[in-house]
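Colleague: Before we discuss this model, I should like each term set against its definition. Please show me the structure.

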Amino acid sequence: MQQPEPDRLKTSQLVFFDLETTGLGQSCEIVQLAAVSGGHSLNLYVIPRGRIQRGAAKVTGFRVRRHRLYLHRQLVLTNSLREVLVSFIAFLQMLGRPLVVGHNIRRFDCPLLARALDELDLRAEFESSVSGCVDTLPLAREMLKDLCLQSFRQENLVRELLGVNYKAHDALEDVRALQALYSVLQPTPEVVCRHQFTLDTMKNKPTVKSKMPCNLPEERPLWEHIRQTVKATESKAEELNEL
């Protein structure tokens, strides 16, 4: 995957991506893969070879019984891991080498995805189908550093910036929420460049500054209006306390 230049990022399609897994370690397995791009979506399930850890089952609602996968006690249709990954690659190809966007994917989802792709000899096909990957966790930390948020977990950001709660830890709901969150953040191409990586570079330390020039849009993103509102509220409260 070649790192696209900032000007190309303005026209790149975005695919928001998430995994649900059997646990939190790097040896865990994929149970659900979901992706969304505009009105297009993909949502597929896999019966893992190993056990789903108790903590993960409690959070996600997944259970395996008699070689069948259940989500909140409802039977779900499953595919082989190969079928899931091939379908994901086809979804990406349909969108013309998009950027794959996810929350905390550099440290968690993408290493798991890379391991599965390597296992099934599909990595090269995946890499030729995307322009790169972007992690919205460090991106949000950079863009919202002045808001003094207690947590940058995706569900907290959605609650703080969009004012809604949603069913987290369901991959499809997560990617839909992330797509809405990203539309509020409206990161510039320069910011996106700073948080972009590939499967080959994801273990490298992220760069602090982008060396590539960008033509930045003049319109302020919505999150800046939110920040100004928060500052105005704090200022008003200080004035009242002085009275």
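Colleague: What makes Leu33, Phe88 and Val175 contacts of Phe17?

Modeller: Contact means heavy atoms within 4.5 Å. Phe17 touches these three and also Ala34, Ala35, Val100, Val101, Gly102, Ile105, Asp109 and Leu113, leaving aside residues up to four places away in sequence. The model is predicted, so local features need pLDDT of at least 70 and side-chain atom pairs 80 or more, while totals for chains, interfaces and linings use all residues. Residues are numbered from 1 along each chain as its sequence is written, and side-chain values use heavy atoms, without hydrogens or water.

Colleague: Which residues touch the most other members of the largest nonpolar core?

Modeller: Such a core is a set of buried (under 20% relative accessible area, 1.4 Å probe, protein chains only) Ala, Val, Leu, Ile, Met, Phe, Trp, Tyr and Cys residues joined through side-chain atoms within 4.5 Å. Of its 34 residues, Phe17, Leu33, Leu85, Phe88, Leu117 and Phe126 touch the most other members. Its largest share, 8 residues, comes from α4. Another core, of 30 residues, lies apart and includes Phe16 and Leu144.

Colleague: Why are β3 and β9 said to stand at the edges?

Modeller: The open sheet has 6 strands in the order β3-β2-β1-β7-β8-β9, with mixed pairing. β3 (40–45) and β9 (196–197) each have a single partner strand, so one side of each lacks a neighbour in the sheet. Strands are DSSP runs of E, at least two residues long.

Colleague: How do you know that β2 and β3 pair?

Modeller: Pairing requires at least two DSSP bridges between two strands; 6 bridges join β2 (residues 30–37) to β3, running antiparallel.

How values were computed. Helices (H or I, at least four residues) and strands (E, at least two) are DSSP runs, numbered from the N terminus. Buried means under 20% relative accessible area, exposed over 50%, partly exposed in between (1.4 Å probe, protein chains only).
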